[in-house]
Amino acid sequence: MTLRDIRDILDADVLCGEQSLDKEVTTGFACDLISEMLAFASSGTLLITSLKNPHVIHTAEVMDAVGVVFVGGKKPNLSTMKQVGTSRIPLLATDLLIFKCCGLLFQHGVQGAKRDCLQ
Amino acid sequence: MSSGAPRHVIEFLIREKDFLSAGESASKTKKALQQLGLKAEVAKNSAIIVYEAAMNVVIHAISGKLRVVIVPEEVSIVAEDVGPGIPDIELAMQEGYSTAPHEVREMGFGAGMGLANIERCSDELNIKSEPGVGTVLEARIHLKQKDDVR
């Protein structure tokens, strides 16, 4: 499953990172808490969130997320996002609410992330 | 290791309510450690420790200093702040326990998982705190041969 497939399934807009849509998504993780994102940090994870602040970008960078899907229609302010350097992480936005977004992805075979900071 | 072994130091100043600086420090730490050739897992765990430690300073303290030292044997991260201190460290370590104000939680912070995340990502963790003075947090990640600094 690639980010391009994710975009199609969720009918999402690509806010940035169009050139990286062939990246492979291994798991999904939906959350609105930064610390929880960090606890479940795993490379290749698609981060799904209704938070729309630039902290999400830093968090996605640290957790090696493959991309971020902003749910619920309201798009984040791209210029704010760009201040923190969005170049590496593709950002998508969908009108779907978080439950439906996750349900659709699960239906298409995306599994949930497991906590892997535990060693 | 020989006495001429490489030693790298990265420092960050963290101020009260400067939320973006916490994330920036974490991103910079991760990039620096990757450039030094450390294993992805070590770079990520170090960045998580920096993020959470810096965020604690941003949320709770007045100001703080973060220092990341990389030597061939370990990565050590020391966060030192001037602030109210932690009255009950054992309680603060519990996942879900949080004293963060509502507006901080609205941004997605203050979940009460910070110290627990730091502990999970480190091999050693020491916290010394004096109420009304401040807190010193020291986390270490031991490096195995294969994680070595280039």
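This tour moves through chain A and then chain B of a predicted model, naming at each stop what to select and what is found there.

**Stop 1: the sheet of chain A**

Begin by selecting the strands of chain A. Six of them form an open sheet, arranged in the order β1-β5-β4-β3-β2-β6, and the pairing is mixed. At the edges are β1 (13-16) and β6 (111-112) of chain A, each of which pairs on one side only. Within this sheet, select β2 (residues 27-30) and β3 (residues 45-49) of chain A; the two strands run parallel and are joined by four bridges. One position to display is F29(A), whose bridge partner in β3(A) is L47(A).

Next, add helix α3 (residues 55-62) of chain A, which packs on the sheet and touches β3, β4 (67-70) and β5 (91-93) of chain A. The direction of α3(A) makes about 145° with that of β4(A). Helix α5 (residues 98-107) of chain A also packs on the sheet, where it touches β2, β3, β4 and β6 of chain A. The direction of α5(A) makes about 155° with that of β3(A).

**Stop 2: two helices of chain A**

Keep α5(A) selected and add helix α1 (residues 3-10) of chain A. The axes of these two helices come within 10 Å and cross at roughly 125°; α1(A) and α5(A) are therefore oblique to each other. Their crossing is right-handed. To see the contact itself, show the side chains of I6(A), I9(A) and L10(A) in α1(A), which meet C101(A), L104(A) and L105(A) in α5(A). The residues of this contact comprise six nonpolar, no polar and no charged.

**Stop 3: two loop residues of chain A**

Select D11(A), in the loop between α1 and β1 of chain A. Its phi is near 50°, a positive value in a residue other than glycine. D11(A) counts as exposed, at 65% relative accessibility. Then select D64(A), which lies in the loop between α3 and β4 of chain A. The phi of D64(A) is near 60°, again positive in a residue other than glycine, and with 24% relative accessibility D64(A) counts as partly exposed.

**Stop 4: the sheet of chain B**

Turn now to the strands of chain B. Five strands form an open sheet in the order β1-β2-β3-β5-β4, with antiparallel pairing. The edges are occupied by β1 (8-15) and β4 (124-130) of chain B; each has a single partner strand, so one side of each is left without a neighbour in the sheet. From one strand to the next, the twist averages 10°. Select β3 (residues 74-82) and β5 (residues 134-142) of chain B, which pair in the antiparallel sense over nine bridges. In this pair, E74(B) stands opposite H142(B) in β5(B).

Helix α1(B) packs on this sheet, touching β1, β2 (63-71) and β3 of chain B, and its direction makes about 170° with that of β1(B).

**Stop 5: S27(B)**

Within helix α1 (residues 19-35) of chain B, select S27(B). Is this residue buried or exposed? At 7% relative accessibility, S27(B) counts as buried. Apart from neighbours within four places in sequence, S27(B) is in contact with H58(A), E61(A) and V62(A).

**Stop 6: helix α5 of chain B**

Finish with helix α5 (residues 114-121) of chain B. Seven of its eight residues are buried, so this helix is largely enclosed by the rest of the structure. The buried residues of α5(B) are G114(B), L115(B), A116(B), N117(B), I118(B), R120(B) and C121(B). To display what covers them, include α2 (34-39) of chain A, together with α2 (40-60), α3 (89-93), β4 and β5 of chain B.

Definitions and conventions
Residues are numbered from 1 along each chain as its sequence is written. Chains are lettered from A and ligands numbered from 1 in the order in which they are written. This is a predicted model: local features need pLDDT of at least 70, side-chain atom pairs count only at pLDDT 80 or more; totals for chains, interfaces and linings use all residues. Side-chain values use heavy atoms; hydrogens and water are left out. Two strands pair if DSSP finds at least two bridges between them. Contact means heavy atoms within 4.5 Å. Axes are lines fitted to C-alpha atoms, for helices over the stretch in contact, and angles run from 0 to 180 degrees between N-to-C directions. Angles under 35 degrees count as roughly parallel, over 145 as roughly antiparallel, 65 to 115 as roughly perpendicular and the rest as oblique. A crossing is left-handed if the near helix is turned anticlockwise from the far one by less than a right angle, and right-handed if clockwise. Ala, Val, Leu, Ile, Met, Phe, Trp, Tyr, Cys and Pro count as nonpolar, Asp, Glu, Lys and Arg as charged, and the others, Gly among them, as polar. Buried means under 20% relative accessible area, exposed over 50%, partly exposed in between (1.4 Å probe, protein chains only).
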